[in-house]
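Q: Can you walk me through how the labels on this model were reached? I'd like to see the reasoning, not just the verdicts.

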Amino acid sequence: MPNWGGGAKCGACEKTVYHAEKIECNGRSFHKTCFLCMACRKALDSTTVAAHESEIYCKTCYGRKYGPKGIGFGQGAGCLSTDTGEHLGLNLQQGSPKSARPSTPTNPSKFAKMMVDVDKCPRCGKSVYAAEKIMGGGKPWHKTCFRCAICGKSLESTNVTDKDGELYCKVCYAKNFGPKGIGFGGLTQAEKKE
């Protein structure tokens with residue numbers, strides 16, 4: 001059939017596209033108003049378009065439809081989404097080859113390795129993460145567990161001492177483990193008689 005209109009046909013609506021309204025993508029011409037994602041109908045431009053054969057998509061829909069699938073291949077917003085991709089023609093059913101993934105990763109990420117090697121607090125025995133870690137006596141402690149074993153006073157780097165894997169404030173350490181006698185902070189003979 002001859003092209004009587006003089007211009008190329010729109011890849012979306014098949015009507016003639018004139019020069020003033022033409023957008024070219026993937027060797028095809030589109031009206032500016034027809035240059036929309038085929039899935040979500042969002043308006044596209046040269047920075048947001050992703051073409052697949054004769055179809056055009058926004059980068060998000062293209063990734064959902066043609067990108068890698070499975071755990072670790074999320075799309076934005078913390079990778080939490082309830083979108084099943086049904087509006088894109090995706091059929092993620094149990095038992096399909098795309099959803100069959102090993103239960104444990106064969107090549108664990110740095111994050112997974114880091115989570116396995118978490119230190120344990122000597123006081124409570126729970127994991128100590130970087131945001132709550134205080135080092136004392138060569139061991140990691142929770143901020144809330146970084147207290148004197150005798151009086152329970154919160155400790156800081158200026159008043160902490162350690163003995164046999166336990167933390168003490170300087171006062172409790174001196175009373176219990178320091179030298180005894182006159183002049184060493186212990187009770188004097190006069191105080192003992194009273």
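Q: Let's start with Cys13. Is Cys13 buried, exposed or partly exposed, and why?
A: Keep in mind that this is a predicted model. Cys13 has a relative accessible area of 30%. Buried needs under 20% and exposed needs over 50%, so Cys13 falls in between and is called partly exposed.

Q: Where does Cys13 lie, and what is Cys13 in contact with, leaving aside its neighbours within four places in sequence?
A: Cys13 is in the loop between β1 (8–9) and β2 (16–17). With those neighbours set aside, its contacts are His31 and Cys34. Going by C-alpha atoms, Cys13 and His31 are 8.5 Å apart in space, with their positions 18 residues apart in sequence. Contact is judged on heavy atoms within 4.5 Å, so a C-alpha to C-alpha figure of 8.5 Å doesn't rule it out.

Q: What makes Asp119 and Lys133 a salt bridge?
A: The closest N and O atoms of the pair are 3.2 Å apart. The cut-off is 4 Å, so the pair qualifies. The two residues come from distant parts of the chain, 14 residues apart: Asp119 sits in strand β7 (residues 119–120) and Lys133 in strand β9 (residues 133–136).

Q: Why are Asp119 and Lys133 called partly exposed?
A: Asp119 has 33% relative accessibility and Lys133 has 34%. Partly exposed runs between 20% and 50%, so that is the label for Asp119 and for Lys133.

Q: How do you know that Arg123 and Glu166 form a salt bridge?
A: Their N to O distance is 2.2 Å, and the rule asks for 4 Å or less, so they count. This pair also links distant parts of the chain, 43 residues apart, with Arg123 in the loop between β7 and β8 (127–128) and Glu166 in strand β12 (residues 166–169). Arg123, at 32% relative accessibility, is partly exposed, and so is Glu166 at 24%.

Q: What about Lys163 and Asp164: what makes that pair a salt bridge?
A: The N to O distance is 4.0 Å, and the limit is within 4 Å, so the pair is counted. Lys163 is partly exposed at 30%, whereas Asp164 has a relative accessible area of 74%, which is over 50% and therefore exposed. By this rule, the count comes to four salt bridges.

Q: How many aromatic pairs are there, and why is the one between Phe30 and Phe35 called tilted?
A: There are five aromatic pairs. For Phe30 and Phe35, the ring centres are 5.5 Å apart, inside the 6.5 Å limit, so they pair. Their planes meet at 55°; stacked needs under 30 degrees and edge-to-face needs over 60, so tilted is what remains. Phe30 is buried at 3% relative accessible area, and Phe35 is buried at 3% too.

Q: Why does the pair of Tyr173 and Phe177 get the tilted label?
A: The centres are 5.4 Å apart and the planes are at 45°, which is neither under 30 nor over 60, so the pair is tilted. Both residues lie in helix α3 (residues 170–177), four residues apart, or about one turn of the helix. Tyr173 is partly exposed, at 28% relative accessible area, and Phe177 is partly exposed at 34%. Elsewhere, Tyr57, Tyr62 and Tyr66 form one aromatic cluster.

Q: What makes β5 and β6 a strand pair?
A: Four bridges join strand β5 (residues 49–52) to strand β6 (residues 55–58), and at least two are needed, so they pair. The strands run antiparallel. Val49, for one, has Cys58 in β6 as its bridge partner. The hairpin has two residues between the strands, and in it Glu53 takes a positive phi near 55°.

Q: Which residues have the most contacts inside the largest nonpolar core?
A: Those are Phe35, Cys37, Leu44 and Ile56, in a core of 14 residues. The largest share of this core, three residues, comes from β6. Not counting residues up to four places away in sequence, Cys37 touches Lys42, Leu44, Ile56, Tyr57, Cys58 and Cys61. A second, separate core of eleven residues includes Cys145, Cys148, Leu155 and Cys172.

Note on methods. Residues numbered from 1 in each chain as written. Predicted model: local features only at pLDDT ≥ 70, side-chain atom pairs only at ≥ 80, totals over all residues. Heavy atoms only, no water. Salt bridge = Lys/Arg side-chain N within 4 Å of Asp/Glu carboxyl O. Buried < 20%, exposed > 50% of the residue type's maximum accessible area, 1.4 Å probe, protein only. Phe/Tyr/Trp six-rings, centres within 6.5 Å; stacked < 30°, edge-to-face > 60°. Core = buried A, V, L, I, M, F, W, Y, C linked by side-chain atoms within 4.5 Å.
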